[in-house]
Amino acid sequence: MGIFEKTIKVVEDDLDDLNHVNNVRYVQWMQDIAKEHWQAKAPKDLINNTVWVVLTHHITYKSAAKLDDVILMKTYIDKTKGPVSVRIVEMYNKENNQLLVKSKTEWCLLNSETFKPMRISPEIEGIFLTQT
């Protein structure tokens, strides 16, 4: 599978009332890394002719991140079927490699003009299921 990674540092605006990263921020980061992965790997014509929408998010929170923590984010496509792609995002405290969050999101591929679902082609699977 092709894994895409990035690191981020927790800043004050990421925190909730308990001084932990807010769950809404985690969801934003999940969406951001998914988009960045797509834009980094997909050909421009594919990016211009398609759009992804979220069907479901399943998130498991394992541990809290705090101010100034450096988080290693990893994402990859677990599987695809028809127009649906299942993306995994894992977030780790980079200092101790502790898993903070793991999510599974179902994304649906749409035609960018008609907004109708499109079957995920072998080309797309090849880009995201085999690259490292």
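**Close-up 1. Phe128 and its aromatic partner in the predicted model.** Phe128 is buried, with a relative accessible area of 4%, in a model that is predicted rather than experimentally determined. A search of the whole structure yields four aromatic pairs. In one of them, Trp38 and Phe128 are stacked, with ring centres 5.4 Å apart and 15° between the planes. This contact links distant parts of the chain, since Trp38 belongs to helix H1 and Phe128 to helix H3, 90 residues apart. Trp38 has a relative accessibility of 8% and therefore counts as buried, the cut-off being under 20%.

**Close-up 2. The Trp38 and Trp52 pair.** The search that returns four aromatic pairs also bears on this view. The ring centres of Trp38 and Trp52 are 5.4 Å apart, and their planes meet at 80°, so the pair is edge-to-face. Here too distant parts of the chain are linked: Trp38 is in helix H1 (residues 23–41) and Trp52 in strand E2, with their positions 14 residues apart in numbering. Both Trp38 and Trp52 are buried. A pair of aromatic rings is described by the distance of the centres and the angle of the planes.

**Close-up 3. The cluster of Tyr26, Trp29 and Tyr61.** Tyr26, Trp29 and Tyr61 are joined into a cluster by ring pairs.

**Close-up 4. Lys74 and the ring of Tyr92.** Lys74 is positioned over the face of Tyr92. The distance from the ring centre of Tyr92 is 5.3 Å.

**Close-up 5. Asp68 in the loop between strands E2 and E3**. Most residues other than glycine have a negative phi. Asp68, although not a glycine, has a positive phi of about 75°. The loop that holds Asp68 runs between strand E2 (50–61) and strand E3 (70–81). Asp68 has a relative accessible area of 46% and is therefore partly exposed.

**Close-up 6. Phe115 in the loop between strand E5 and helix H3**. A positive phi, of about 60°, is also found at Phe115, which is not a glycine. Phe115 lies in the loop that connects strand E5 (98–111) with helix H3 (122–130). The relative accessibility of Phe115 is 53%, so this residue counts as exposed, for which the cut-off is over 50%. Phe128, in helix H3, is by contrast buried.

Terms used
Residues are numbered from 1 along each chain as its sequence is written. This is a predicted model: local features need pLDDT of at least 70, side-chain atom pairs count only at pLDDT 80 or more; totals for chains, interfaces and linings use all residues. Side-chain values use heavy atoms; hydrogens and water are left out. Helices (H or I, at least four residues) and strands (E, at least two) are DSSP runs, numbered from the N terminus. Buried means under 20% relative accessible area, exposed over 50%, partly exposed in between (1.4 Å probe, protein chains only). Rings of Phe, Tyr and Trp (its six-membered ring) pair if their centres lie within 6.5 Å; planes under 30 degrees apart count as stacked, over 60 as edge-to-face and the rest as tilted. A charge sits over a ring if NZ of Lys or CZ of Arg is within 6 Å of the ring centre and within 35 degrees of the ring normal.
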